[in-house]
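Thanks for asking me to look this over with you. Here are some notes to read beside the model.

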Amino acid sequence: MKNLILLKLGTTMVMGFLAYTPPLKAAAKPLWVQLISGKGQSVKGKLEFKETPSGVAITGNIEGLGPAGKHGIHIHENPKNDTCKGDFTSVGGHFNPTGKPHGTPEKPTESHSGDLGNVVADATGKGAVSITRPDLKLTGPQGIKGRAVIVHAKVDDLATQPTGGAGDRIACGIIK
């Protein structure tokens, strides 16, 4: 919307238009997850979830992974009592509000919204996470706040239904 302004300069009247720019929407505050180890594991890490124009960017580091190589990582449905306990099965299956089959995060319209692929551990057991999912939101129907992140013992093959064959759940954290 443009606003008409009249400005009197001495004896001359000047008329012009001023463009209205709406205020920028405040960016949503990032969410975090602190990963805790499962029984007999020493996995730990912290991930940040931040809304961007391209979707939710997930970044962070995980350590204590073994053996070196790929380990499946997913957002899971609904933790009970807002916690990760025992073998972490209480957090349910992969977050999948659109009913898609398990797949690769590179094809978000064809996979679970919770499919994050794999974190690759180096020889020291450390791995970095950096992925953006365009179909996620921090809150709302596609929201991840209050859901769980699970790290698995094995590689996610990105095909086996419904879990990617990623094996045991070795670390868990609630997105807050």
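**Notes on the sheet and two lysines**

1. Let's begin with one pair: strand β3 (residues 31-37) and strand β4 (residues 44-52) run antiparallel to each other, joined by five bridges. Strands here are DSSP runs of E, at least two residues long and numbered from the N terminus, and two of them pair if DSSP finds at least two bridges between them. Within this pair, Gln34 lies opposite Lys46 of β4.

2. A word on the source: this is a predicted model, in which local features need pLDDT of at least 70 and side-chain atom pairs pLDDT 80 or more, while totals for chains, interfaces and linings use all residues. Residues are numbered from 1 along each chain as its sequence is written, and side-chain values use heavy atoms, leaving out hydrogens and water.

3. Now the wider sheet: it is open, with eight antiparallel strands in the order β7-β6-β9-β10-β3-β4-β5-β8. Because β7 (115-121) and β8 (127-133) are at the edges with a single partner strand each, one side of each has no neighbour in the sheet.

4. Lys46 has another partner to look at: its charged end sits over the ring of Trp32, 4.5 Å from the centre (the test is NZ of Lys or CZ of Arg within 6 Å of the ring centre and within 35 degrees of the ring normal).

5. Finally, find Lys137 in the loop between β8 and β9 (148-152). Its C-alpha atom is 8.9 Å from that of Lys50, 87 residues apart along the chain. Leaving aside residues up to four places away in sequence, Lys137 touches Glu51, Val56, Gln142, Gly143 and Ile144, with contact meaning heavy atoms within 4.5 Å.

Key
Helix = DSSP H or I, 4+ residues; strand = E, 2+ residues; numbered from the N terminus.
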